[in-house]
Amino acid sequence: MAAEKLRDLSQPIDVAVLDATVAAFFVTGSKQERAAADQILRDLQANPDMWLQVVHILQNTKSMDTKFFALQVLEGVIKYRWNALPVEQRDGMKNYISEVIVQLSSNEASFRSERLYVNKLNVILVQIVKHDWPAKWTSFIPDLVAAAKTSETICENCMIILKLLSEEVFDFSRGEMTQQKIKELKQSLNSEFKLIHELCLYVLSASQRQDLIRSTLSALHAYLSWIPLGYIFESPLLETLLKFFPVPAYRNLTLQCLTEVAALNFGDFYNVQYVKMYTIFIGQLQTILPPSTNIPEAYSNGSDEEQAFIQNLALFFTSFFKFHIRVLESAPDTVALLLTGLEYLINISYVDDTEVFKVCLDYWNTLVLELFDAHHNSDNPAASVNLMGLLSQMPQVLQRRQLYSNPMSKLRGLMINRMAKPEEVLIVEDENGNIVRETMKDNDVLVQYKIMRETLIYLSHLDHDDTEKQMLRKLNKQLNGEEWAWNNLNTLCWAIGSISGSMAEDQENRFLVMVIRDLLSLCEITKGKDNKAVIASNIMYVVGQYPRFLRAHWKFLKTVVNKLFEFMHETHPGVQDMACDTFLKIVQKCKRKFVIVQVGEREPFVSELLFGLAATVQDLEPHQIHSFYESVGTMIHAESDPLKRDEYLQRLMELPNEKWAEIIGQARHSVEFLKDPNVIRTVLNILQTNTSAATSLGTDFLSQISLIFLDMLNVYRMYSELVSASITDGGPYASKTSFVKLLRSVKRETLKLIETFLDKAEDQPHIGKQFVPPMMESVLCDYARNVPDARESEVLSLFATIINKYKATMLDDVPNIFEAVFQCTLEMITKNFEDYPEHRLKFFSLLRAIATFCFPALIKLSSQQLKLVMDSIIWAFRHTERNIAETGLNLLIEMLKNFQQSEFCNQFFRSYFIQIEQEIFAVLTDTFHKPGFKLHVLVLEHLFCLVESGALTEPLWDAATVPYPYPNNAAFVREYTIKLLSSSFPNMTAAEVTQFVNGLYESRNDPSEFKKNIRDFLVQSKEFSAQDNKDLYAEEAATQREQERLRMLSIPGLVAPNEIQDEMVDS
């Protein structure tokens, strides 16, 4: 094949053959030809000398695909090997690329026809600039500006290059360049911006060419956020931009530039200019978009340009107000303009576009929070240390609240009208207008709900009366039919539910009595199944949000629960699910109310409920019945008298226990009875009901589980043998049959029930002694005997729970557990990274439990077995599946700490130190394991601290293979690490690697500095670039989240009553 000769790069490449090969790959080739071409092109790309052919290819080819292929080769060299190339080769390439760009962009026709090619060349040039400028190409900016002045098309392309450069340095540099390099480029751009500034102003004042003006505005937009402010406010730039704003062709680009200026915030120095800019802007805007315009309607009928204008307008107002609203508040003549701007923004907030609404909502949230904080501190002087200072600010705070009272009232209306759907609501309208059960959660909507809820709570705190009035007025319009519509009722009820906890208790009680009364009567008077389902869903949502009210009003609580029981017979999709969910939520917060005799009642509600239990659950699906049992279990758990508790539990479990006794009785006559699929389903259902009750009852479930435990293990053993026999006879496909799946479901549920009970039960050794020994044979030995496809991963999690619960008392059992599960599970999971995913995670969780609480058992393992453990840990953190890798790393850290403190410290680290270090560096730098960054750093830090601590008294190196002795372990590890990294990253110099390793040693006791060193190394080694690097900063983000949680807890209503983990006083 002619293409094979392309591999010989000792002479100039045959461009015609290369063209044909590229064409075969992209356009003309058959499947085989394409595969062959792909292989050749890959080999060429991988050849380190291929880049020397790039100029020859670009000069001789007409094919755009070939040009792009050549530039791709070049880009790889610039990214990874540029600094290692000889100076004359670098300069030659740089000059050639510059010349081609000038040549193509100096001529209007070629500039338009070769646009894609020129754009790619621009990108290549900017990549070179990132390496060479400012040190090795000091004249880059003056050269560029000089070239721009020679022709309008060259000028247009120079603007594109300038924009690219700004984006590369300021927007995309994190993870691409070291902190030092970014700083250097920013300083150079800043110091040379004068030339760029003059060029832009010259173009905007002198050129009539539309494309050039647009690309200049576009370049300016990229620079405005970081250039020295004098260039904006002490030059004609702002006036020039405001002149372009009314011109339709430039309106959007100019608005984007003005938005960048609006988002700058450096104290009060330029306040006068900001006021002037805003005043002129509002004047022009009122001509372009009169205040009386119905913006949502205009948006839905507008062109793409017009819609973009509204989006940009939202960004401008939100940016300007975020930083400069205080300036506009300060003078009477600007207050009116400020209110006009807010009015525009409220109207834009009604636009039916998610992105536009998000922009507005974020700002409203910020503004309302700011107003609330001032109001909160003035209402709560204790929160402010300086009381005298506070008193002097009081009139100002009240004045400000007065100023915003009208916009805030309109904002409440907006929030109520557009409230997003909360997670608890399961009943939605589909695209055909039918009311159905929601099948998938929409995360965007949940995030939006969270922000809207927070905003509405602040608004409610600012004026409870106005909030209440608007909500009741809207509810009244639902009742009299004036505004009756599903969406209107939904958003209103979601808004009512979301402000729970923000009002004073007496006001909340008064408000809710009216709301619930109106909703119940709306349910009575409205006809139609769908309508009733919508109202039912809203009643359930609202009552579920107000546990404080329900606890204080038994009559209402009882009415609500009976209403939920009514909804449990309603077969409309989603209604029963929501009724069961709401019932559980209410019971968890009001549980004590159901087990005491209330005024006017003969017996506790729980007793009355148990009496009618069968009738209440008769229309529910199995999963709903399980939820119901968990709720009643929660009630029973609240009863303090143990005798009554046992009596209630017995009554609760009466139905499933009768069925269970009947099945076991039949099985004693004939085991075949247990093989009937319907019987298996019934057994499964009974076990699931038990698990649900055990979830809420914990230790109190002891009498019930004792009743069925041994029979249950017998059924488990029998089903297990059936599964194994089926798989042995029927081969691997037998495990997919419905019969085997059903049997395994029963086995899993048995294990889940025992695990749930042991996990929830209080730590009482006698419970462990009663339940663990019988399982050793039935469950553990059964696991070992089974074929791999019949082993339940739940066995592993059950024993992990047992060890986590009973800790060191399990020491003697660990060898048996090891014997039964270790070897056979490892064989299942080490063939590849995919099979048996459930077993993987649970296996490593079990190992971690053993390492944490039964470490002495690990020390007793033979060296062969310990090697298996260590290999399996390394296998775990090599996984790209995040949970498994994290479990493996946590387990490794546990092992390192425990062995360091044990008498086998030297022995262990001599065997594994080097292997662990090597493996951790491998996953740290391979880009597939970024989420584990924090733990990788912790392991390395532990290792480096260990060798410096003197805890290791014997050498880590093997004297037989190392010719000369090292003075100490630290010196050996330092040299080994340098060798390891130098051979792994040939693109880094020995000096760079040595500097990094020394830095690790010096910063080993300073975690944040240690982590920063590693981040910079990852960028330098080019292992992390042009990818999402947020995982490298995950720890900092977690600290921020915790601070935010504490702030939210301090404001009434911000954390929903159902999310507060308290034993709410409901006695």
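**Exercise 1. Which residues does Gln576 touch, not counting residues up to four places away in sequence?**

Before we start, a word on the model: it is predicted, so local features need pLDDT of at least 70 and side-chain atom pairs count only at pLDDT 80 or more, while totals for chains, interfaces and linings use all residues. Residues are numbered from 1 along each chain as its sequence is written, and side-chain values use heavy atoms, with hydrogens and water left out.

Step 1. Find Gln576 in helix α29, residues 575-590. Helices here are DSSP runs of H or I with at least four residues, strands are runs of E with at least two, and both are numbered from the N terminus.

Step 2. List the contacts, meaning heavy atoms within 4.5 Å. Gln576 touches Phe567, Met568, His569, Glu570 and Thr571, and also Asp619, Leu620 and Gln624.

Step 3. Check the accessibility. Gln576 has a relative accessible area of 8%, so it is buried. Buried means under 20% relative accessible area, exposed means over 50%, and partly exposed lies in between (1.4 Å probe, protein chains only).

**Exercise 2. Describe the protein chain as a whole.**

Step 1. Take the secondary structure: the protein chain has 50 helices and two strands.

Step 2. Look at the extent. The C-alpha trace spans about 100 × 85 × 70 Å along its principal axes.

Step 3. Turn to burial and contacts. Of the 1067 residues, 52% count as buried. Among contacts with a separation of 6 or more, 74% come from residues 24 or more positions apart.

**Exercise 3. Compare the span of helix α36 with its expected span, then follow the helix to its end.**

Step 1. Work out what to expect: the expected span is 1.5 Å times one less than the number of residues. Helix α36 covers residues 702-730, which is 29 residues, and 42 Å is expected.

Step 2. Compare. From first C-alpha to last, α36 reaches 40 Å, close to that expectation.

Step 3. Look for a bend, which is the angle between axes fitted to the seven residues ending at a position and the seven starting there. α36 bends by about 45° at Phe709.

Step 4. Step past the end of the helix. Gly731 follows α36 and has a positive phi, near 75°.

**Exercise 4. How is helix α15 covered by its surroundings?**

Step 1. Place the helix: α15 runs over residues 251-262 and has twelve residues. Its reach of 16 Å is close to the 16 Å expected.

Step 2. Count the buried residues. Ten of the twelve are buried, so α15 is mostly covered. Among them are Arg251, Leu253, Cys257 and Val261.

Step 3. Name the cover. It includes α12 (210-223), α13 (230-233), α14 (237-244), α16 (271-288) and α18 (304-330).

**Exercise 5. Explore the region that UniProt lists as "domain: Importin N-terminal".**

Step 1. Read the record. The unreviewed UniProt entry gives residues 37-103 for this domain; UniProt positions are in the numbering used here, feature names are shortened, and annotations may be inferred rather than shown by experiment.

Step 2. Describe the stretch. Residues 37-103 are 76% helix and 0% strand, with end C-alpha atoms 32 Å apart.

Step 3. Inspect helix α4, residues 64-80. Its 17 residues should span 24 Å, and the end C-alpha atoms are 25 Å apart, which agrees. Its buried residues include Phe69, Leu71, Val73 and Ile78. Their cover includes α1 (15-28), α2 (31-46), α3 (54-60), α5 and α7 (115-132).

Step 4. Follow α5 to a packing partner. Helix α5 (residues 87-105) packs against helix α9 (residues 152-171) at an angle of about 130°, with the axes 8 Å apart. That makes α5 oblique to α9. Ile101, Val102 and Ser105 of α5 meet Thr153, Ile154, Asn157 and Ile161 of α9.

Step 5. Check the terms. Axes are lines fitted to C-alpha atoms, for helices over the stretch in contact, and angles run from 0 to 180 degrees between N-to-C directions. Angles under 35 degrees count as roughly parallel, over 145 as roughly antiparallel, 65 to 115 as roughly perpendicular, and the rest as oblique.

**Exercise 6. Where do Lys807 and Tyr836 lie?**

Step 1. Lys807 sits in the loop between α39 (794-806) and α40 (814-829). Its phi is positive, near 45°, in a residue other than glycine. With a relative accessible area of 37%, Lys807 is partly exposed.

Step 2. Tyr836 lies in the loop between α40 and α41 (837-853). The phi of Tyr836 is positive, near 50°. At 23% relative accessibility, Tyr836 counts as partly exposed.
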